[in-house]
Amino acid sequence: MKKTLAIVFLLFLFAVQFMDSYGIQRFPKPEFESGYVQPETLLPNPRAEMLAILDIAVLIISLSVVSWLVIKKRNRNGVFWMSVFALAYFGFYREGCVCSIGSIQNVTLALFDNSYLISISAIIFFVAPLVYTAFFGRTFCAAVCPFGAIQDLVAWSPQKIGSRLNAVLGVIPYIYLGLAVLYAATGTDFIICRYDPFVGIWRFNASFGMFVFGGILLIVGIFIARPYCRFLCPYGVLLNWVSRFSRKHITITPAECIQCRLCENSCPYDAIDMPVTTKNPEDKGTMARKLIFITFLIPILMLLGGWIGSKLHEPLAGVNVKVRLAKQILNPGTPKNQPETFEIEAFKSAGKQQSQAFAEASAVLHKFYIGSWILGGFIGLVFGGLIAGRLMTKHRTDYTPNKGTCLSCVRCVDYCPVKLPK
Amino acid sequence: MQNRRDFLNMLCRGTILTGLTATTGILVYRSVKGGTCELGSSCTNCGKSHSCDLPEATLFRQTVWQLDPTKCIQCGRCAENCVMSPSAVKVVHVYAMCGYCDLCGGYLKPDTKTISTAAENQLCPTAAIKRKFVEDPFYQYTIDEPLCIGCAKCVKGCGAFGNGSLQLQVRHDRCVNCNECAIARDCPADAFSRVPANKSYLLQGIEAKPEERV
């Protein structure tokens, strides 16, 4: 009992003295007399490192098999089963990390921040689908990406949405990509991962908001096929660009198009370009006028976008930790009796100078100022491109998949009556 | 016409592939070389002995999230912000540091009148800490891990009144190793970082030696 009292007394003495200090051996390790054996602190290991190689191998093999199925075999069934496999492996087994969509941010951050070291998986998950797309079109989207796979499986009753709505919604991924790059380059946040709608499904464990977002996308996806891929996916933007110049690409017909129109409604993603047979081809004057209009419009839109962006750089930077801290130091909440935030508490206990925090925050703000000019200009360019695309009519005789937006799902092929002689 | 278009396509494709190769090259080179020091050539330490906290080459090294208990301020956000529920962050008891106190700041509420295992006296909201008599006046405290939610209340108590043997750690059997850790993003003390997978725990007081769970 005496011992206990002594310990209690000491405890309070020390407690008063060292309230803020941490991890001081205040009480020496007891010397046990009863032969008590101290248990060992056991900790579970993380996933074996070698398994990262397996992920990369599965990615490369999947890409190769799907590309072969799409380009050579033109086999929808095979593509379907590969997408089920992708859903199982990259989705439910690997729980969505690492994924190509998110790797944009790893690559961006690694390019802008010398101290961030990227792993080989992130590099390959970023590069490999782009390389395959440069040769075979977006076969990655067809059946390697688990996001596409899960949405493809629920696309039961795809409806056509107007080409105008399609084009306007199609701008969102560009803005999303721009914001993701801005936030990753400034080391602020990985917004693609933060607002990942399906990762909760892979893990069977999600916050309410994430669950609702994923659920809504899947329900919408029944009627508007693959809403994430078409109207949100930032990696899809890159794949779209690369795919336009792909060496080979899925074609609807194996030989000559006979204009039978059977494939017209076969594409759930509105990615088939109809033949354009203008009765009166535009004369050179109108064409030239349109061209001049566009060449003036695009720089103006870019400047305008950049200017608007630069005006928004402060609210955009508000998410950054350093900026948030500086704001809280400057303005520690209106009611004086409010307890200080954890950020300020941690800042004080770290013993940093206020001026240092302010300097760091203003450096981040400066980065955001430049970044938001570029982001705004980029968005202006995208809008300019959208207008240009709608103005300039392209002459086309056959039904062809749009090389940019086609997801190589091979559905249209089965609708074509033209068969190659065996 | 068709030939010109094909040629342009090929040119663009070539440019894209060159760009991708260059990007990959830069990234791989950096990852092989390891982190770049701000001091550059003026630092004389660098024979890659890593006495400074320069990140190691990580190209073929997988990294995992871990929190530094010395930076942690026990704000309780680990319990709320993890994408897993309950959180992948749980308390770890470093027995080697424990004082085996009867009046345990991590086990008992600060205002308790009696020292007992009564529920109203326990600091832990889920009663995840088990108290067992060893010998007078020592008691052993064990974490019932499935119950722990990572709220850090006991860590705060032990750090304030005791030896600080209770420490928060990311448990790698629960952590799904997100590309960006949701807790790290909101950690006020900047205690989270990516660490090499072969040194995946940052415990104080013992050489962290990860072992398979028994």
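**Exercise 1. Placing B:Ala127**

Work out whether B:Ala127 is buried, partly exposed or exposed, and where it lies in chain B.

*Solution.* Start with accessibility: B:Ala127 has a relative accessible area of 30%, so it is partly exposed. The cut-offs used here are under 20% for buried and over 50% for exposed, with partly exposed in between, using a 1.4 Å probe and protein chains only. Next comes the location, which is the loop between E2 and E3 of chain B. Helices (H or I, at least four residues) and strands (E, at least two) are DSSP runs, numbered from the N terminus. Finally, check the backbone: B:Ala127 is not a glycine, yet its phi is positive, about 55°.

A word on the model before we go on: it is predicted, and local features need pLDDT of at least 70, side-chain atom pairs count only at pLDDT 80 or more, while totals for chains, interfaces and linings use all residues. Residues are numbered from 1 along each chain as its sequence is written, chains are lettered from A and ligands numbered from 1 in the order in which they are written, and side-chain values use heavy atoms, with hydrogens and water left out.

**Exercise 2. Backbone surprises**

Find what is unusual about phi at B:Tyr100, and which peptide bonds at A:Val98 and B:Pro86 deserve a look.

*Solution.* Recall the background first: most residues other than glycine have a negative phi, and most peptide bonds are trans. B:Tyr100, although not a glycine, has a positive phi of about 55°. B:Tyr100 is in the loop between E2 and E3 of chain B, and its relative accessibility of 0% makes it count as buried.

Now the peptide bonds. The one from A:Cys97 to A:Val98 is cis, with omega near 0°, and A:Val98 sits in the loop between H3 and H4 of chain A. In chain B, the bond from B:Ser85 to B:Pro86 is cis, with omega near 0°. B:Pro86 belongs to the loop between helix H2 (77-81) and strand E2 (89-93) of chain B.

**Exercise 3. Reading chain B**

Describe the secondary structure of chain B and the surroundings of B:Lys132.

*Solution.* Count the elements: chain B has 4 helices and 6 strands. Their order along the sequence is α-β-α-β-β-β-α-β-α-β. Of the 214 residues in chain B, 50% are buried. Then look at contacts, meaning heavy atoms within 4.5 Å. Among those in chain B between residues at least 6 apart in sequence, 69% join residues at least 24 apart.

Zoom in on B:Lys132, which lies in strand E3 (residues 129-135) of chain B. Beyond neighbours within four places in sequence, B:Lys132 is in contact with B:Tyr139 and B:Gln140. The C-alpha atoms of B:Lys132 and B:Thr117 are 9.5 Å apart, with these positions 15 residues apart along the chain.

**Exercise 4. An enclosed helix**

Explain why helix H7 (residues 146-154) of chain A can be called largely enclosed, and use A:Gln151 as a test case.

*Solution.* Of the 9 residues of H7(A), 8 are buried, so this helix is largely enclosed by the rest of the structure. Among them are A:Pro146, A:Phe147, A:Asp152 and A:Val154. The packing partners of the buried residues include H3, H4, helix H12 (208-223) and helix H13 (227-231) of chain A.

For the test case, A:Gln151 is in helix H7 of chain A and is buried, at a relative accessible area of 0%. Leaving out residues up to four places away in sequence, A:Gln151 touches A:Phe198, A:Leu218, A:Arg226, A:Pro227, A:Tyr228 and A:Cys229.

**Exercise 5. The largest core**

Identify which residues touch the most other members of the largest nonpolar core, and why this core lies between two domains.

*Solution.* A nonpolar core is a set of buried Ala, Val, Leu, Ile, Met, Phe, Trp, Tyr and Cys residues joined through side-chain atoms within 4.5 Å. The largest one has 95 residues, and A:Ile101, A:Phe126, A:Tyr228 and A:Tyr235 touch the most other members. Helix H5 (residues 120-136) of chain A supplies the largest share, 10 residues. The core lies between domain 1 (53-275 + 400-415) and domain 2 (284-332 + 344-391) of chain A because both give residues to it; the bounds come from an automatic or database domain assignment.
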